[in-house]
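Let us walk through this structure step by step, beginning with the chain as a whole and then turning to the charged side chains that pair with one another.

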Amino acid sequence: MWTDASADPPRCPGSGGAGRPADPLPDGWPHGRALCPQCLRFVPLEDGRLTEHDTASADDAPGEVERRITWLNEHGW
């Protein structure tokens with residue numbers, strides 16, 4: 001049985017890594033955020049580094065997953 005005690009920590013190992021703003025879609029999305037190579041989520045940058053983030057979040061804005069799929073289909077990873 002899966003328990004929190006044996007679960008991976010929620011913090012993404014890509015947190016703090018170097019990043020650059022991802023190429024935007026025509027409407028500007030992802031609005032200057034960078035694609036994390038570890039979890040494939042778009043996260044803000046601070047001084048050229050990916051901000052601390054979790055590998056998944058129930059707090060993603062509505063449509064975030066769909067926009068990420070669209071971006072990945074247009075730009076690849």
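A residue is called buried when its relative accessible area is under 20%, exposed when that area is over 50%, and partly exposed in between. In this model, which is predicted, buried residues make up 27% of the 77 residues in the protein chain. The chain's accessible surface comes to about 5,400 Å², and 52% of that surface belongs to carbon and sulfur atoms.

The protein chain holds 4 strands and 1 helix, and from the N terminus on these elements follow the order β-β-β-β-α. Among the contacts with a separation of 6 or more, 57% are between residues that lie 24 or more positions apart.

The salt bridges of the model, which number 5, include some that show how such links span the chain. One of them joins Arg11 to Glu52, whose closest N and O atoms are 3.5 Å apart; because Arg11 lies in the segment before β1 and Glu52 in the loop between β4 and α1, this pair ties together parts that are 41 residues apart in sequence. Arg11 is partly exposed, with a relative accessible area of 41%, whereas Glu52 is exposed, at 63%.

Helix α1 takes part in another salt bridge, in which Arg67 meets Asp27 with N and O at 2.6 Å, and this pair links the helix to the segment before β1, 40 residues apart. Arg67 itself is partly exposed, with a relative accessible area of 25%.

Glu64 forms a salt bridge with Arg33, with the closest N and O atoms 3.0 Å apart. Since Glu64 lies in helix α1 and Arg33 in the segment before β1, the pair ties together parts that are 31 residues apart in sequence, and both Glu64 and Arg33 are buried.

Notes: Residues numbered from 1 in each chain as written. Predicted model: local features only at pLDDT ≥ 70, side-chain atom pairs only at ≥ 80, totals over all residues. Heavy atoms only, no water. Helix = DSSP H or I, 4+ residues; strand = E, 2+ residues; numbered from the N terminus. Buried < 20%, exposed > 50% of the residue type's maximum accessible area, 1.4 Å probe, protein only. Contact = heavy atoms within 4.5 Å. Areas by Shrake-Rupley, 256 points an atom, 1.4 Å probe, with all protein chains shown as cover. Salt bridge = Lys/Arg side-chain N within 4 Å of Asp/Glu carboxyl O.
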